[in-house]
Amino acid sequence: MSQSEMHHHFLIAGAGIGGLAAALALRQVGQQVSVIEAAKELGEVGAGIQLGPNGVKVMARLGLQEALMKVASVPESIVIADAQSGKPISRMLLGQAVTQRYGAPYVSVHRADLHAVLLQAARDAGVQIHTNQLLQKYEHSAQQICRLDGDLAQKYDALIGADGLYSAVRAQLLKDGAPRATGHAAFRSLIPASHMPPELCTPHVRTWWARDVHVVSYPLRGGELWNLVVLAQQAASDQAGWSLEASEAQVIQCFDRIEPELLGLLQAGSLAGWRRWNLFDRKPLSAAQMAQGTVALLGDAAHPMLPYMAQGAGMALEDAWQLACSVRMHANVPSALTHYAQTRAARNARVVRTAQRNGRIFHLSDAVALARNAVLAWQGTQVLGMPWLYGYSARD
Ligand SMILES: Cc1cc2nc3c(=O)[nH]c(=O)nc-3n(C[C@H](O)[C@H](O)[C@H](O)COP(=O)(O)OP(=O)(O)OC[C@H]3O[C@@H](n4cnc5c(N)ncnc54)[C@H](O)[C@@H]3O)c2cc1C
């Protein structure tokens, strides 16, 4: 992307993966960027994420593929098994096969490491980042926006709400209430390699499926750490928070029966400790909602989704890249933001809906689960599918 002649001042609320990627991408097209972050210190909570080739391609376009690959792992395949019997259900090839098919690898990475790569690059590019600054209220006109919660003197040409699930920018822009409690929860644990059952220390994304629950595990930091998440349909899953208390008993009671290998893994998770994360999403936004005048939404602020496509961060990265492309193409800020939203809304909506559908498929039981398994067995081992998702490259 070449630098544009124009020079606007963007205010980004939120220094998560989406906000930092947007800040960097906008700097790379010659914009002035200030980021305000509510947290006192910069950093990421949480554990691992998977980044499909579509997300890795954005990192490459930001000039960060090498930095990413220094901290990422490249699993060789996704291995799916039945959580009760341990019987294999299917296997999908990742590794070289994905790189060949989609032009970039499928990786797993600690969120903190991905965040650190983006933060360093944003700082090096001259992005101003201010912590301990909660955006509460703003005033926007067709020409500019102004914070109304402290920084009164400062006016900006645009505001990007990258402030996550409980976005204050969205609340003011759309007044559409709280996100929807999906009735699903994620129990997560980060297991040091020394605690892992040795037979599961293989370079694969492993997943086990059962009625109303599935488990995902994959290596981080070259296998030093293992990310383990149990995703279950749960009563009373409406409490907010990224790191709620959770116990081994709560995890075990998600299952009717657990095959021995998986049980060993869950016990290793218990040794390392469990945290709970209730899962929320929202109905997809139209383009007209995603950007209005000089304000636009990005990442989870725009499209929080169930993690059953492992694409929330991927979509935030794609949004960020597209935003910068649109700004480069359109000198007028509202036109650029409208173009950004028009380019992103349908794709984000498709991913949100596919994630919901995946939840239903992973959590099937009885005869329909057997039918699902038979279809997957009949398809045999294939390279990870969905070219519409993984083969996507944002335009530049
Ligand atoms: C269990 C689980 C597993 C997941 N696994 C994957 C995966 O494998 N792959 C994947 O791609 N995605 C995954 N995701 C989704 C992914 O984590 C999110 O989609 C992504 O982190 C969203 O990034 P963001 O920058 O939009 O929002 P956030 O990461 O939420 O960042 C928002 C930032 O804004 C700040 N903020 C909030 N309010 C304000 C305010 N008013 N003023 C200023 N700052 C504010 C916050 O402190 C925060 O730093 C998973 C999610 C869950 C729950």
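These legends walk you through close-up views of a predicted model.

**View 1. Here is the shell of residues around the ligand.** How many residues surround the ligand? There are 34 of them, and the closest are Gly14, Gly16, Gly164, Gly299 and Gly312. Helix 1 (17-28), strand 3 (48-51), strand 17 (275-281) and helix 10 (312-329) are the elements that give two or more residues to this shell. Helix 10 gives the most, with 4 residues. Sorted by class, the shell has 21 nonpolar, 10 polar and 3 charged residues.

**View 2. Strand 3 pairs with strand 6.** Strand 3 and strand 6 (residues 107-110) run antiparallel and are joined by 4 bridges. Look for Leu51, which stands opposite Val107 in strand 6. Gly48 and Gln50 point one way from strand 3, while Ile49 and Leu51 point the other way. Are these four residues of strand 3, Gly48, Ile49, Gln50 and Leu51, buried or exposed? All are buried.

**View 3. Six strands make up an open sheet.** Following the order 7-2-1-11-19-18, you pass through 6 strands with mixed pairing. At the edges are strand 7 (128-130) and strand 18 (291-292), and each of them pairs on one side only.

**View 4. Strand 11 pairs with strand 1 and with strand 19.** Strand 1 (residues 9-13) pairs with strand 11 in the parallel sense over 4 bridges. Here, Phe10 has Ala158 of strand 11 as its bridge partner. Strand 11 also runs parallel to strand 19 (residues 295-297), with 3 bridges joining them. In this pair, Ile160 has Ala296 of strand 19 as its bridge partner. Which way do the residues of strand 11 (residues 158-161) point? Ala158 and Ile160 point one way, Leu159 and Gly161 point the other way, and all are buried.

**View 5. Nine strands form another open sheet, with mixed pairing.** You can trace the 9 strands in the order 16-17-12-15-14-13-4-5-20. Why is one side of strand 16 (244-245) and of strand 20 (382-383) left without a neighbour in the sheet? Both stand at the edges with a single partner strand each, so one side of each has no neighbour there. Helix 8 (residues 260-272) packs on this sheet, touching strand 12 (180-192), strand 13 (204-210), strand 14 (213-220) and strand 15 (225-233). The direction of helix 8 makes about 85 degrees with that of strand 12.

**View 6. Strand 4 and strand 5 run antiparallel.** Strand 4 (residues 77-82) and strand 5 (residues 88-93) are joined by 5 bridges. One place to look is Ala81, which stands opposite Pro88 in strand 5.

**View 7. Ala21 belongs to the largest nonpolar core.** This core has 123 residues, and those with the most contacts inside it are Ala21, Ala22 and Leu298. Which residues is Ala21 in contact with, leaving aside its neighbours within four places in sequence? They are Leu62, Leu118, Ala316, Leu317 and Ala320.

**View 8. Ala349 is found in helix 11.** Helix 11 spans residues 333-362. Within it, Ala349 is partly exposed, because it has 18 other C-beta atoms within 10 Å, whereas a buried residue has 20 or more and an exposed one 12 or fewer. The C-alpha atoms of Ala349 and Gly299 are separated by 12 Å, and these two residues are 50 residues apart along the chain. You have already met Gly299 among the residues closest to the ligand.

Definitions and conventions:
Residues are numbered from 1 along each chain as its sequence is written. This is a predicted model: local features need pLDDT of at least 70, side-chain atom pairs count only at pLDDT 80 or more; totals for chains, interfaces and linings use all residues. A residue is near a molecule or strand if its C-beta atom, placed from the backbone, lies within 6 Å of it. Ala, Val, Leu, Ile, Met, Phe, Trp, Tyr, Cys and Pro count as nonpolar, Asp, Glu, Lys and Arg as charged, and the others, Gly among them, as polar. Two strands pair if DSSP finds at least two bridges between them. Two residues are in contact if their C-beta atoms, placed from the backbone, lie within 7 Å. Axes are lines fitted to C-alpha atoms, for helices over the stretch in contact, and angles run from 0 to 180 degrees between N-to-C directions. A nonpolar core is a set of buried Ala, Val, Leu, Ile, Met, Phe, Trp, Tyr and Cys residues joined through C-beta atoms within 7 Å.
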